[in-house]
Amino acid sequence: MTPGARRALAAASRLFYERGIHAVGVDLIAAEAGVTKKTLYDRFGSKEQIVVEYLADRDERWRAYLSERLAAAGPGAADRVRAVFEASREWMDANSPKGCGMVNAHAEISDPAHPAYAVITGQKQWMLRLFTDLAPDRAGALMLLHEGAMVAHGLHVLPDPLGHARDLAAELLGAPDS
């Protein structure tokens, strides 16, 4: 990726998350990145493709972040589930004050024909598979706890929703709170 394309993707990522995908046009992305609209279209082809790359990059960074946390977690299912909730809590505090980027994107892109839709739903399906691998009998409940806590985090309606969900997940798995 060229330096201009990297700047454009970084600008688009920040703007899409802060303002919303539909509220941000290619003119603003180009201006913020210090590139021309032609450069954007030459590199990405369309605004939709910029959205796809923004979400795919965010998902890739999240998976790498979570993978590191899981690698450092204890071997037991409860330890690993706790690590998922702790990683989510840290990630949200550092990267997502307005809530989950995928949930926010889905609020704007719910058409399965949109090229970004598969990235959004793919990330959530990956999380469900992760919970299924960690605790097959409780995967659905863990997924609901996790996603609900992430939404509550973005809405700022509860104090420490991911910490609370982590403790409920431990209870659900019959493990003592940490």
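**Helix H1, the pocket beside it, and the enclosed cavity**

In helix H1 (3–19), the buried residues are Gly4, Ala5, Ala8, Leu9, Ala11, Ala12, Ser13, Leu15, Phe16 and Tyr17, where buried means under 20% relative accessible area, exposed over 50% and partly exposed in between, with a 1.4 Å probe and protein chains only. The model is predicted, so that local features need pLDDT of at least 70 and side-chain atom pairs count only at pLDDT 80 or more, while totals for chains, interfaces and linings use all residues. Residues are numbered from 1 along each chain as its sequence is written, and side-chain values use heavy atoms, with hydrogens and water left out. Helices are DSSP runs of H or I with at least four residues, numbered from the N terminus. The cover over the buried residues of H1 includes helix H2 (26–33), helix H3 (37–44), H4, helix H5 (77–95) and helix H6 (101–108), contact being defined as heavy atoms within 4.5 Å. With 17 residues, H1 reaches 24 Å from its first C-alpha to its last, close to the 24 Å expected at 1.5 Å a residue; the expected span is 1.5 Å times one less than the number of residues. Just after H1, Gly20 adopts a positive phi of about 105°.

H1 also contributes to the largest pocket, whose space amounts to about 190 Å³. On a 1 Å grid over the protein atoms alone, a pocket is an open set of points with protein on both sides within 12 Å along at least five of seven lines, a cavity is a set of points where a 1.4 Å probe fits but cannot get out, and lining residues have an atom within 4 Å of a point. Grid points are joined across faces, edges and corners, and a volume is the space filled by probe spheres set on the points. The lining of the largest pocket consists of Arg6, Leu9, Ala10, Ser13, Arg14, Tyr17, Glu18, Tyr54, Asp57, Arg58, Arg61 and Asn95. H1 and helix H4 (47–72) each supply at least two of these residues, and the largest share, 7 residues, comes from H1. By class, the lining of this pocket divides into 4 nonpolar, 2 polar and 6 charged residues, with Ala, Val, Leu, Ile, Met, Phe, Trp, Tyr, Cys and Pro counted as nonpolar, Asp, Glu, Lys and Arg as charged, and the others, Gly among them, as polar.

The structure holds 15 salt bridges, each defined by a side-chain nitrogen of Lys or Arg within 4 Å of a carboxyl oxygen of Asp or Glu. One of them joins the side chains of Glu18 and Arg14 at 3.6 Å, N to O, and both residues lie in H1, 4 residues apart, about one turn of the helix. Glu18 is partly exposed at 40% relative accessibility, and Arg14 is likewise partly exposed, with a relative accessible area of 35%. In helix H5, Arg82 and Asp79 meet in a salt bridge at 3.3 Å, N to O, and are 3 residues apart, about one turn of the helix. Here Arg82 is buried, with a relative accessible area of 14%, whereas Asp79, at 32%, is partly exposed.

A further salt bridge, at 2.7 Å, N to O, is formed by the side chains of Glu147 and Lys124. This pair links distant parts of the chain, with Glu147 in helix H8 (residues 139–155) and Lys124 in helix H7 (residues 117–134), 23 residues apart. Glu147 is buried, with a relative accessible area of 13%, and Lys124 is buried as well, at 16%. Salt bridges that share partners also join Glu86, Arg89, Asp160, Arg166 and Asp167 into one network.

Arg166 is also among the buried residues of helix H9, which are Pro161, Leu162, Gly163, Ala165, Arg166, Ala169 and Ala170, and these residues pack against H5 and H8. H9 (residues 161–172) has 12 residues and spans 16 Å from its first C-alpha to its last, close to the 16 Å expected at 1.5 Å a residue. H9 is followed by Gly174, whose phi is positive, near 75°.

As for enclosed space, the count comes to 1 cavity of 30 Å³ or more, and the largest cavity has a volume of about 140 Å³. Its lining comprises 13 residues, of which Trp62, Trp91, Cys100, Gln123 and Met150 lie nearest its centre. H4, H5, H6, H7 and H8 each supply at least two lining residues, and H4 gives the most, with 3 residues. The lining of the largest cavity has 6 nonpolar, 4 polar and 3 charged residues.
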